[in-house]
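Let us take a walk through this protein together. Keep the sequence and the 3D view open as you read.

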Amino acid sequence: MSDEFYMDLALNEAWKYQILTYPNPAVGCVICDKNGKILSIKAHKKAGYLHAEPMAILFALFNLNDEILNKFLNEYNVCFTQSFKTLTELNEADLDAKFCYEFILNNHGNLLNDASAYVTLEPCSHHGKTPACAILIKQLGFKRVVVSVIDENEIASGGIKILKEAGIDVKIGVLKEHTKKLMLPFKTWLSGNFSFYKLAMSANGVITGGIISNELSRTHMHKLRGVIDLLVIGGNTVRVDRPVLDARLANAKAPDVAIYSTKRDFDTDIALFSVKNRNVEILDNLEVINKPLVMIEGGEQMLKKIALGEILNVKWVLIYQSSEFKNADNIKLDVRLKPLYEGRLGDDRYGWYEVC
């Protein structure tokens, strides 16, 4: 297979965690053996979690040797009093980075000698909350590393130099334009503000009338609410839907809320006003918002204002679409969207789109 094929797999995996890694970038990694067989496809899932490279390396070792998996489960469960029993449980967990790095170094058994790694972002060179990924790759005897884009962060960059000095073949720039799109939110919130619009609709385009998306989609959306700095919602949506706007399905802190409205006559019995440790403000001008990461929710009129460029600098739209039809009027807008990524959450489809 071509380098583009493997890098595309890494990109698709990273897109699944877009925004959820805030304030870190979304990063994906594919590990292949010396013959090009795929051993693992993983991504960085959340700030503080394992980086994409060690996550992929760890699961590559698990797939190569069941004894390594069993040893990891036994040692990790003892050290952290966990009860992990399966790869799925491990995949979804916040694994201790230091433990995982040391386990890899002590148990890799040279199984990844001459292996290849495909990474969307240059492996980091510094020891922060997690040890340096470039040094880990170097110590495991990888033969080749393909990188899509170089890390422009002076603190984290330098991984390519470490790899090259170790004699590893490094190729740079594969699908770099695609990765630049993946990295856009990260680069944008670092320099000021990244705002995006979220919309849920039925299979026939209905966006009103209560719950539309399935639980997987709603959980994904609650995870997003758990990491953003501010949630903006239209005043009419608040009055009609009387939402809570919390992040309970993700067991995360509810975001602060800004209600976009020229009128301030809101019933304070509406659930969103009763959430603890939340700041709620009513704004008639969204240009004053200076939070790094903002999610906007609302109805047809809000999206229309975004499409016309009247609200902030919103260029991205996140759409959840259920597989069910609803008996109501569908949304009617003349808006052109360019797909950036499309995936599935159970029976629902979802995707990131760019406003053209």
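The paragraphs below go from the nonpolar cores to the salt bridges and then to a few single residues.

Before we start, please keep in mind that this is a predicted model.

A good place to begin is the interior. As a general rule, nonpolar side chains in soluble globular proteins tend to be buried together. Here, the largest nonpolar core has 98 residues, and the members that touch the most others are Ile31, Ile57, Phe72, Leu95, Leu112 and Phe196. Which helix gives this core its largest share? That is helix α2, residues 52-64, with nine residues.

Let us stay with helix α2 for a moment. Helix α2 has 13 residues and spans 18 Å from its first C-alpha to its last, close to the 18 Å expected at 1.5 Å a residue. Of these 13 residues, 11 are buried, so the helix is largely enclosed by the rest of the structure. If you would like to find them in the view, the buried residues are Ala52, Glu53, Pro54, Met55, Ala56, Ile57, Leu58, Phe59, Ala60, Leu61 and Phe62. Ile57 is also one of the residues that touch the most other members of the largest core.

From helix α2 we can step across to Ile104, which is found in helix α5, residues 97-107. Is Ile104 buried or exposed? Ile104 counts as buried because its relative accessible area is 0%, while the cut-off for buried is under 20%. Leaving aside residues up to four places away in sequence, Ile104 touches Pro54, Ile57, Leu58, Leu61, Leu136 and Leu140. Among these contacts, Pro54, Ile57, Leu58 and Leu61 belong to the buried residues of α2.

Now turn to Phe196, another of the residues with the most contacts to other members of the largest core. With residues up to four places away in sequence not counted, Phe196 touches Ile19, Ile228, Leu293, Val294, Met295, Ile296, Val314, Trp316, Leu318 and Trp352. Apart from the largest core lies another core of 22 residues, and its members include Tyr197, Val232, Val294 and Ile296. To get a feeling for distance, compare Val232 with Ile104: the two are 128 residues apart in sequence, and their C-alpha atoms are 43 Å apart in space.

Next come the charged side chains. How many salt bridges does the structure hold? There are 13. One of them joins the side chains of Asp3 and Arg144, with N and O 2.8 Å apart. Asp3 lies in helix α1 and Arg144 in strand β4, residues 144-149, so this pair ties together parts that are 141 residues apart in sequence. Both Asp3 and Arg144 are buried.

Arg144 has a second partner, since its side chain also meets that of Asp169 in a salt bridge of 3.3 Å, N to O. Asp169 sits in strand β5, residues 169-172, and Arg144 in strand β4, so here the linked parts are 25 residues apart in sequence. Asp169 is partly exposed, with a relative accessibility of 43%. Through shared partners, salt bridges join Asp3, Arg144, Asp169 and Lys171 into one network.

A salt bridge within a single helix is found between Lys71 and Glu75, where the closest N and O atoms are 3.9 Å apart. These two are four residues apart in helix α3, residues 66-80, and so about one helical turn separates them. In general, an α-helix has 3.6 residues a turn, so residues three or four places apart point the same way. Lys71 is partly exposed at 38% relative accessible area, and Glu75 is partly exposed at 30%.

Finally, let us look towards the surface. Met1, Phe5 and Ile38 make a nonpolar surface patch of about 310 Å². Phe5 is found in helix α1, residues 3-15, and is partly exposed with a relative accessible area of 34%.

Two threonines make a nice pair to end on. Thr219 is in helix α9, residues 215-225, and counts as buried at 18% relative accessibility. Beyond residues up to four places away in sequence, Thr219 touches Leu249 and Ala250. Thr262 is placed in the loop between β8 (257-260) and β9 (280-283), and is exposed, with a relative accessible area of 71%. From Thr262 to Asn330, 68 residues apart along the chain, the C-alpha separation is 26 Å.

How values were computed. Residues are numbered from 1 along each chain as its sequence is written. This is a predicted model: local features need pLDDT of at least 70, side-chain atom pairs count only at pLDDT 80 or more; totals for chains, interfaces and linings use all residues. Side-chain values use heavy atoms; hydrogens and water are left out. Patches are made of residues with over 30% relative accessible area and no salt bridge: like charges are joined within 9 Å, nonpolar side chains (Val, Leu, Ile, Met, Phe, Trp, Tyr) within 5 Å. Accessible areas come from the Shrake-Rupley method with a 1.4 Å probe; for residues, only the protein chains shown count as cover. A salt bridge is a side-chain nitrogen of Lys or Arg within 4 Å of a carboxyl oxygen of Asp or Glu. Buried means under 20% relative accessible area, exposed over 50%, partly exposed in between (1.4 Å probe, protein chains only). A nonpolar core is a set of buried Ala, Val, Leu, Ile, Met, Phe, Trp, Tyr and Cys residues joined through side-chain atoms within 4.5 Å. Contact means heavy atoms within 4.5 Å. The expected span of a helix is 1.5 Å times one less than its number of residues.
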